[in-house]
Amino acid sequence: RSLRKTERHFPTSSPPSSGDQTLAMPPSNSSVSSLVAEVSERLSSAVGDRGYPGVVAALLVVLLLLYFPFRLLKAGGEEKKTGAKEQATSEEETYPEPMPQGDMTVAELKRYDGSDPTVPVLVAAKGKVYDMTKGRDYYGKGAPYNCFAGIDCSRALAKVSLDKKDLNADCAGLFASERDVLNDWVRKFEDKYPFVGILVDSAYNGQ
């Protein structure tokens, strides 16, 4: 099997805070009074001279009856949108606390193989351990590269392989091109993921 040397870039920006959303308030009494006065003046100028004061009053009532339900519906719609955004924010994916820096043994590293979602996901390459938790879509449980988690996978990275026989740190006898590939992977890990420490009993034997 062949390992695709691609990784998705994870968004770093946080979603807008639900506290930024505000519920639209109904119009104040002063704004309603202004609206009524303006409508009354225009309707009076249009039909008042013809002796139809009852028409003016009726039209005002109709306008008010239409206006307030519209405002209530609008406010209700905005409240639903706010609730949906708050729910989406609360359902954002959470991660365990970052792994504290410190050297470890091969046996200790095995615990961080992605099987327990409450602890970080760690991957080692060239005897160096990296916290890959933010990339657990790739290295966590059930992910395509989960076989790298909890071990030093230097040989597999160098050979671009997912085969069990390559899931180890034995890099003796690699071609120069394979060593270059391994070094590219390590640079990528260093750029994207926090460095944790050194595997004190690593079997890595490359250059």
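How many bridges join β2 to β3, and in which direction do the two strands run relative to each other? Three bridges join β2 to β3, and the two strands run antiparallel. The model discussed here is a predicted one, and the sections below take up its overall make-up, its sheet, its aromatic residues and a contact between two buried residues.

## Overall make-up

The protein chain contains six helices and three strands, and when it is read along the sequence these elements follow the pattern α-α-α-β-β-α-α-α-β. Of the 207 residues in the protein chain, 29% count as buried. The accessible surface that the protein chain exposes comes to about 13100 Å², and carbon and sulfur atoms supply 56% of that area.

Contacts within the chain can also be sorted by how far apart the partners lie in sequence. Among the contacts in the protein chain with a separation of 6 or more, 67% are made by residues that are 24 or more positions apart.

## The sheet

The three strands form an open sheet in the order β1-β2-β3, and the pairing is antiparallel. At the edges are β1 (122-125) and β3 (195-198), each of which pairs on one side only. From one strand to the next, the twist of this sheet averages 25°.

On one side of the sheet, four bridges join β1 to β2, and these strands run antiparallel; here L122 stands opposite D131 in β2. The same two strands, β1 and β2, form a hairpin with two residues between them, and K126 in the turn has a positive phi of about 55°. Between β2 and β3, where three bridges are found, V129 stands opposite G197 in β3, while the bridge partner of K128 in β3 is I198. As a general point, the side chains of a regular strand alternate between the two faces of the sheet. Helix α6 lies across β1 and β2, and α6 runs at about 45° to β2.

## The aromatic residues

A pair of aromatic rings is described by the distance of the centres and the angle of the planes. With ring centres required to lie within 6.5 Å of each other, the count comes to ten aromatic pairs. In one of these, the rings of Y130 and F189 have their centres 5.8 Å apart and their planes at 55°, so the pair is tilted. This pair links distant parts of the chain, with Y130 in strand β2 (residues 128-131) and F189 in helix α6 (residues 176-192), and the two residues are 59 residues apart. Y130 and F189 are both buried. In another pair, the rings of Y139 and Y145 have their centres 6.1 Å apart and their planes at 50°, so this pair is tilted as well; both Y139 and Y145 are buried.

One aromatic cluster is formed by Y130, Y138, Y139, Y145, F148, W185, F189, Y193 and F195. Of these cluster members, Y138 has its place in helix α4 (residues 136-139), and Y138 counts as buried because its relative accessibility is 13%, the cut-off being under 20%. Y138 and F148 are ten residues apart in sequence, and their C-alpha atoms are 9.7 Å apart in space. A charged residue also meets the cluster at W185, where K188 lies over the face of the ring at 4.4 Å from the ring centre.

## R155 and D166

R155 has its place in helix α5 (residues 154-159), whereas D166 lies in the loop between α5 and α6. Are these two residues buried or exposed? R155 has a relative accessible area of 18%, so R155 is buried, and D166, with a relative accessible area of 3%, is buried too.

The two residues are in contact with each other, as the partner lists on both sides show. When residues up to four places away in sequence are not counted, R155 touches K165, D166, N168, D170, C171, A172 and L174. For D166, leaving aside its neighbours within four places in sequence, the contacts are with R155, A156, K159 and S161.

Note on methods
Residues numbered from 1 in each chain as written. Predicted model: local features only at pLDDT ≥ 70, side-chain atom pairs only at ≥ 80, totals over all residues. Heavy atoms only, no water. Phe/Tyr/Trp six-rings, centres within 6.5 Å; stacked < 30°, edge-to-face > 60°. Buried < 20%, exposed > 50% of the residue type's maximum accessible area, 1.4 Å probe, protein only. Lys NZ or Arg CZ within 6 Å of the ring centre and 35° of its normal. Contact = heavy atoms within 4.5 Å. Areas by Shrake-Rupley, 256 points an atom, 1.4 Å probe, with all protein chains shown as cover. Pairing = 2+ DSSP bridges. Axes fitted to C-alpha atoms, helices over the stretch in contact; angles between N-to-C directions.
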